[in-house]
Each structure stands twice: as C-alpha cells, then as structure tokens.
Amino acid sequence: MTLRIRAETLTLSLREPFRIARAEHGAEGYVTTVAVELEDDRFPGIVGLGEGYPDRYYGDTPETMAAVYPLLLEAIGEPEPSPEGLRAAGDAMGDAIRWNGGAKCAVDSALHDLVGKVTGRPVWDLLGLSRDIPPTDFTLGLDEPAVVAERARRAAAFPALKIKCGGPADMATLRAVREVYDGPIRIDANTGWTPDVAIRLLPDLMALGVELIEQPFPARRLAWMADLQQRSELPIVADESCVTDEDLDGLVGVVAGVNVKLAKVGGPGPAARMLARARDLGFRRFLGCMEETSVVIAASAACASLVEWADLDGCLLLADDPFEGLELGPDHRWQLGNLPGLGVARRAS
C-alpha cells in the first residue's frame, strides 16, 4: 500500500453560537472537525488535503474516524490517478464499510485533491462537472427572535437566508427576520416539529414567502413527511432522512427535494453521483454542509452545478478558517478556478 494519512483534530471558534433543534452544534462557540493530509509514495512531494466532520448524530467521532482510516486505505489500495480511479476508490470504500461518512469524506476529498494535483486538473473537472454553480445562502441558528433578526440584517446581502427552526418562537423569529430581509427564506426544523405544528404553521409560512421546508420531522417519520408534502405547495426537503444514495428510492413520492452533504455520503465523488441520481429520480436538489473549513466547502462547491439550492456557508461561520484559497464572489457564488485539486492550502502560521 502506497497511501499514508495524517489526521489532525481541529477545535475552531465560531463567529457566533450556532444552535439547531436536534443538537447544539457550536452552542458554546466552537466546533470540532478533522483535517487530513494524504500522501502517495508514487508521487513524492504531493499532499492531498481533506476534511471530515465528526457528527455524532451519524455515528462519527474523531476516534471512530481514526479507527476507520486503515480499513479505507486498505480497500483503496493503489488508485489510478484518474476520474475512473477516483470512482473505483469511492466504490471500494463503500464496499468496505457502510456508514462512517465523515471518515470517508476526509479520505475521498483528500484523494480528489491529490489526484487533481498529480494530473493538473481541478476537482470540478475531475468530476466531469461545471463551474456554473448557484450562490450560497447564509444560515442563522436558533436564538431569540431579536438576535436572529439582527443577524439577518447583517447578512442581508446574501441572496437567500436559511433559518433554523424547531423551537417555541419559530413564527416570531421568522416574522422578525422578514421585517429586515425581503429575499427568499429557507427554513430547517432539524426534526424538531410534529405534524400538528407543521400543519398549523403552513399558512403563515406561505404568507411570509418561505421558499422550502427542510426536515420538519424525525428521520424515519416518512409517512408524516409524505402527508405534509401532499398538503404543502412548498417543497419539503429531506436531510436527516436522506443520508446516502440508499435512501433515495424510499423518498420517491414522499418529498420534493433532498439535501446531500459530503459529510453524510462520504465525499465529493459519492456526493456527485448521489446528486446525479437524485436528479434522474425527479428530486429537487439542495447541497448542504456542516460547520466545516474551506477544504470541504471547496469540495462541495465542485459538485454544486448539480443543484438548484446551495447552503455552503460552513467556513463563513468560523471566526478563523485555517485554510485559504477559496474565494466568495460578489454574487455569493464560490469561485471555481483552474488550480489543480481543491485550490486550497493551509494558512501560514
């Protein structure tokens, strides 16, 4: 085996506390993520950068990720430095272990960066995709309505805002945001609603000009999701109910859209394939993220030509991103250039 991996657990400060309904990601003002460096003895001096987000909700911690890396590298072997080799490596990781999307994402994103640097090709090109991507929205966590509204006012230049819901003050928060922001509002309850709550709120959400409703109910309550979608003119988007490609068939006829994240499905290669299949099944497609650095946001942006909605603001939530090279354009689209690999590098200390 020629591949070697080094992993570093990063504890990163957030610009502001960031709470969601099912857990408190960064409620204390910081998050944990895992950065990796991947080397291949066949290509001395070239290092692939990757990242995996250890989300306990999906069974990943820094410790489980470290335990899984040797299994994944053994499954990959000596991958061919080509799009075909990357796909074969992704398939091999999927065959080796079913879950652990965070660990797979770390390896897959680093391998795409490595192969891009070896071949002189950017990741979006290795994936056979386009640089024409939608702008990112900006996400606001749960807090007091006035606090969320003030954050919305500061983020008003973004073409859409994503508001975390699932608390007792949802409508007060959304009305306060609408007073200071006139663009599209996307809401994400992170499994925090019941059917009675969702149905009661639906007319008010329509009146406020909400664009979509993401994951209103617990992940396996698909009958609840299907009933709400039948009642709603707004698209219902599955997130926690849609972890990997295996979940897509069961969501046909249940929801209008799916949210794909690299940390769930296992990296840019599996994400691009999942999004293409979701498109073929007729789903509207949302590309999301965790509170990650610009390494994974760059890898996600490389897949974004496959979606109509992008929520790729994870690195913008950080007080100090330890990586550089990814630039947000004045239209709030991530700029995908022609640099090989992901186009990001560790900031000089």
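In this predicted model, helix 11 buries Pro268, Gly269, Pro270, Ala271, Ala272, Met274, Leu275, Ala276 and Ala278. The helix covers residues 268–280, which makes 13 residues. From its first C-alpha to its last, helix 11 reaches 18 Å, close to the 18 Å expected at 1.5 Å a residue. An α-helix has 3.6 residues a turn, so residues three or four places apart point the same way. The buried residues of helix 11 pack against several elements: helix 3 (101–119), helix 9 (248–251), strand 9 (257–261), helix 10 (262–265), strand 10 (284–288) and helix 12 (294–301). After helix 11 comes Gly282, with a positive phi near 95°.

One residue of helix 11 to look at by itself is Gly269. Gly269 counts as buried because its relative accessibility is 2%, and the cut-off for buried is under 20%. Leaving out residues up to four places away in sequence, Gly269 touches Asp108, His112 and Leu127. Glu37 is 232 residues from Gly269 in sequence, and the two C-alpha atoms are 18 Å apart in space.

Gly269 also leads to the largest pocket, which holds about 790 Å³ of space. Of the 37 residues that line this pocket, Asp91, Val265, Gly269, Pro270 and Arg273 are the closest to its centre. Two of these names, Gly269 and Pro270, appeared above among the buried residues of helix 11. Helix 2 (83–96), helix 3, helix 10 and helix 11 are the elements that each give two or more residues to the lining of the largest pocket. Which of them supplies the largest share of that lining? Helix 2 does, with eight residues. By residue class, the lining of the largest pocket divides into 17 nonpolar, nine polar and 11 charged residues.

Enclosed spaces are a separate matter. The count comes to two cavities of 30 Å³ or more. The second largest cavity contains about 40 Å³ of space. Its lining consists of Asp40, Arg42, Phe43, Pro79, Pro81, Leu111, Leu114, Val115 and Val118. Helix 3 gives the largest share of the lining of the second largest cavity, four residues. Seven residues of this lining are nonpolar, none are polar and two are charged. Helix 3 thus turns up in three places: among the elements packed against helix 11, in the lining of the largest pocket and in that of the second largest cavity.

Helix 12, one of the elements that the buried residues of helix 11 pack against, is mostly covered, with eight of its eight residues buried. These are Ser294, Val295, Val296, Ile297, Ala298, Ala299, Ser300 and Ala301. The cover over the buried residues of helix 12 includes strand 3 (47–52), helix 3, helix 10, helix 11, strand 10 and strand 12 (323–324).

Elsewhere in the chain, strand 2 (residues 30–40) contains Val34. Is Val34 buried or exposed? At 2% relative accessibility, Val34 counts as buried. Apart from neighbours within four places in sequence, Val34 is in contact with Ala7, Glu8, Thr9, Gly50, Glu51, Gly52, Pro54, Pro62, Met65 and Tyr69. Asp239 lies 205 residues from Val34 along the chain, with 22 Å separating their C-alpha atoms.

The last topic is the aromatic rings. Over the whole structure, a search finds four aromatic pairs. One of them joins Tyr57 and Tyr58, whose ring centres are 4.9 Å apart; their planes stand at 85°, so this pair is edge-to-face, the cut-off being over 60 degrees. Tyr57 is partly exposed, because its relative accessible area is 38%, whereas Tyr58 counts as buried at 18% relative accessibility. Another pair is made by Phe217 and Trp224, with ring centres 5.6 Å apart and planes at 85°, so it too is edge-to-face. Phe217 counts as buried at 1% relative accessibility, while Trp224 is partly exposed, with a relative accessible area of 29%.

Technical notes. Residues are numbered from 1 along each chain as its sequence is written. This is a predicted model: local features need pLDDT of at least 70, side-chain atom pairs count only at pLDDT 80 or more; totals for chains, interfaces and linings use all residues. Side-chain values use heavy atoms; hydrogens and water are left out. The expected span of a helix is 1.5 Å times one less than its number of residues. Buried means under 20% relative accessible area, exposed over 50%, partly exposed in between (1.4 Å probe, protein chains only). Contact means heavy atoms within 4.5 Å. On a 1 Å grid over the protein atoms alone, a cavity is a set of points where a 1.4 Å probe fits but cannot get out, and a pocket is an open set with protein on both sides within 12 Å along at least five of seven lines; lining residues have an atom within 4 Å of a point. Grid points are joined across faces, edges and corners, and a volume is the space filled by probe spheres set on the points. Ala, Val, Leu, Ile, Met, Phe, Trp, Tyr, Cys and Pro count as nonpolar, Asp, Glu, Lys and Arg as charged, and the others, Gly among them, as polar. Rings of Phe, Tyr and Trp (its six-membered ring) pair if their centres lie within 6.5 Å; planes under 30 degrees apart count as stacked, over 60 as edge-to-face and the rest as tilted.
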